[in-house]
Amino acid sequence: MAAAVRECLELQLLEVEMLLSMFPKKGEISLDGAAVPALQRYLRDGGGSLPPRLEYSVAVGVGEPEVKVELQVQLPHMYPHVAPQLFARSNALHRQQQLQLNTRLTSHISSLDSGELCICEAVQWLKENSLPYLENSKVSAEGVSKETATKETIQRMWIYSHHIYRQELRKKIFECAKKLNLTGFCLTGKPGVICVEGIRENCEEFWRVIRYPNWKHISCKHVETVEAEGSSDHLRLFRAFEDLQFQAHGDYGLRNDYHMDLGQFLEFLKQHQSGHIFQILFGVEGKLADK
């Protein structure tokens with residue numbers, strides 16, 4: 001098994017090198033600077049704990065004038081013997097066109113020979129097949145009335161986890177929120193709570209990204225949606241994406257017993273007009289201690 005994993009990781013590194021030579025310009029490939037060295041260390045040291053899964057994105061230029069379609073790539077350790085997780089997105093695509101494009105991309109990749117590297121093939125397929133979806137998206141946008149076009153929907157997602165500790169996971173949460181222009185917070189510790197608010201499609205994309213490949217004990221407990229005329233920024237309850245770390249309630253010693261002070265958390269929620277969420281998250285009504 002270890003030998004098979006090593007072979008797969010070597011192939012993954014080879015493919016990344018190929019992509020970097022194909023897309024040498026700054027910003028064309030977005031890759032965590034620590035990801036490749038971690039894989040190289042694992043291969044050099046001959047084992048130990050598995051490195052983080054390789055994740056990156058490739059900005060594919062399509063059409064004239066050029067529009068960027070971003071291919072997000074998440075690789076299981078056993079890729080290419082296990083299918084990669086691919087998702088194509090573009091600000092120029094409406095949700096329906098994006099869904100159709102990804103359905104066809106997945107179908108194409110599934111038709112390829114098992115065990116073969118396929119990210120370069122996926123990039124080439126997007127170059128050759130994205131244009132009709134972009135054109136359809138433009139036509140449908142032009143057909144929308146001015147009244148409808150000025151409306152914007154903001155969504156707020158309340159996500160609960162048994163705990164949030166790992167630095168790698170926290171980094172992913174904050175990078176994804178920043179990339180998608182989401183505000184809210186991440187409460188680190190036990191329990192862990194994430195709130196993101198912003199354009200509905202961006203919130204749904206955040207939820208899709210952070211729960212992959214298999215984050216156990218995480219659930220979206222509640223979703224709030226409000227439609228506004230024009231910009232929806234005034235409907236946001238948070239001005240940035242905050243890192244919440246309240247003092248632990250008691251000295252438990254063990255990391256996995258590091259409970260957050262939920263009284264402080266309830267006070268924070270009430271300061272942001274969200275006190276009602278406490279009962280939704282924890283199943284009990286929140287009450288502040290008398291001061």
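**Helices and an open sheet in a predicted chain**

Arg44 and Asp45 are exposed on the other side of helix H2 from its buried residues, which are Ala35, Val36, Ala38, Leu39, Tyr42 and Leu43. These buried residues cover an arc of only 165 degrees around the axis, and therefore they lie on the same side of H2. Here, buried means under 20% relative accessible area, exposed means over 50%, and partly exposed lies in between (1.4 Å probe, protein chains only). The arc is that of the directions from the helix axis to the C-beta atoms. The structure is a predicted model, in which local features need pLDDT of at least 70 and side-chain atom pairs count only at pLDDT 80 or more, while totals for chains, interfaces and linings use all residues. Residues are numbered from 1 along each chain as its sequence is written, and side-chain values use heavy atoms, with hydrogens and water left out.

The chain as a whole contains ten helices and nine strands. Both kinds of element are DSSP runs numbered from the N terminus (helices are H or I with at least four residues, strands are E with at least two). Of the 291 residues in the chain, 44% are buried. Contacts (heavy atoms within 4.5 Å) often link distant parts of the sequence: residues 24 or more positions apart account for 68% of the contacts with a separation of 6 or more.

Helix H2 spans residues 35-45. Its buried residues pack against helix H1 (2-22) and strand S1. Just after H2 comes Gly46, with a positive phi of about 75 degrees.

Strand S1 also belongs to an open sheet, in which four strands follow the order S1-S2-S3-S4 with antiparallel pairing. Two strands pair if DSSP finds at least two bridges between them. At the edges lie S1 (29-31) and S4 (85-89), each of which pairs on one side only. On average, neighbouring strands of this sheet are turned by 15 degrees against each other, direction ignored. Axes are lines fitted to C-alpha atoms, for helices over the stretch in contact, and angles run from 0 to 180 degrees between N-to-C directions.

Inside the sheet, S2 and S3 run antiparallel and are joined by eight bridges. One bridge links Gly61 to its partner Lys68 in S3. The two strands form a hairpin with four residues between them, and in the turn Gly63 has a positive phi of about 75 degrees. S3 (residues 67-74) also pairs with S4, in the antiparallel sense, over five bridges. Across this pairing, Leu71 stands opposite Ala88 and Gln72 opposite Phe87. S3 is mostly covered, with six of its eight residues buried.

What does Ser57 touch, leaving aside its neighbours within four places in sequence? Ser57 sits in strand S2 and counts as buried because its relative accessibility is 7%. Its contacts are Glu28, Ile29, Ser30, Glu70, Leu71, Gln72 and Lys179. With Glu70 there is a polar contact between the two side chains, at 3.3 Å. A polar contact is a pair of N or O atoms within 3.5 Å; within protein, one must be able to donate a hydrogen and the other to accept it, and residues adjacent in sequence count only if both atoms are side-chain atoms.

Helix H4 (residues 119-129) packs on the sheet and touches S2 (55-62), S3 and S4, its direction making about 30 degrees with that of S2. H4 also packs with H1, at an angle of about 35 degrees and with the axes 10 Å apart. There, Glu15, Met18, Leu19 and Met22 in H1 meet Ile119, Cys120 and Val123 in H4. The residues of this contact divide into six nonpolar, no polar and one charged. Ala, Val, Leu, Ile, Met, Phe, Trp, Tyr, Cys and Pro count as nonpolar, Asp, Glu, Lys and Arg as charged, and the others, Gly among them, as polar.

Trp125 also lies in H4, and it is buried because its relative accessibility is 6%. Not counting residues up to four places away in sequence, Trp125 touches Leu101, Arg104, Leu105 and His108. The C-alpha atoms of Trp125 and His108 are 8.4 Å apart, although 17 residues separate the two along the chain.

Farther along, His272 is found in the loop between helix H9 (262-271) and helix H10 (277-282). His272 counts as buried at 15% relative accessibility. It touches Leu237, Phe238 and Glu242, with residues up to four places away in sequence not counted.
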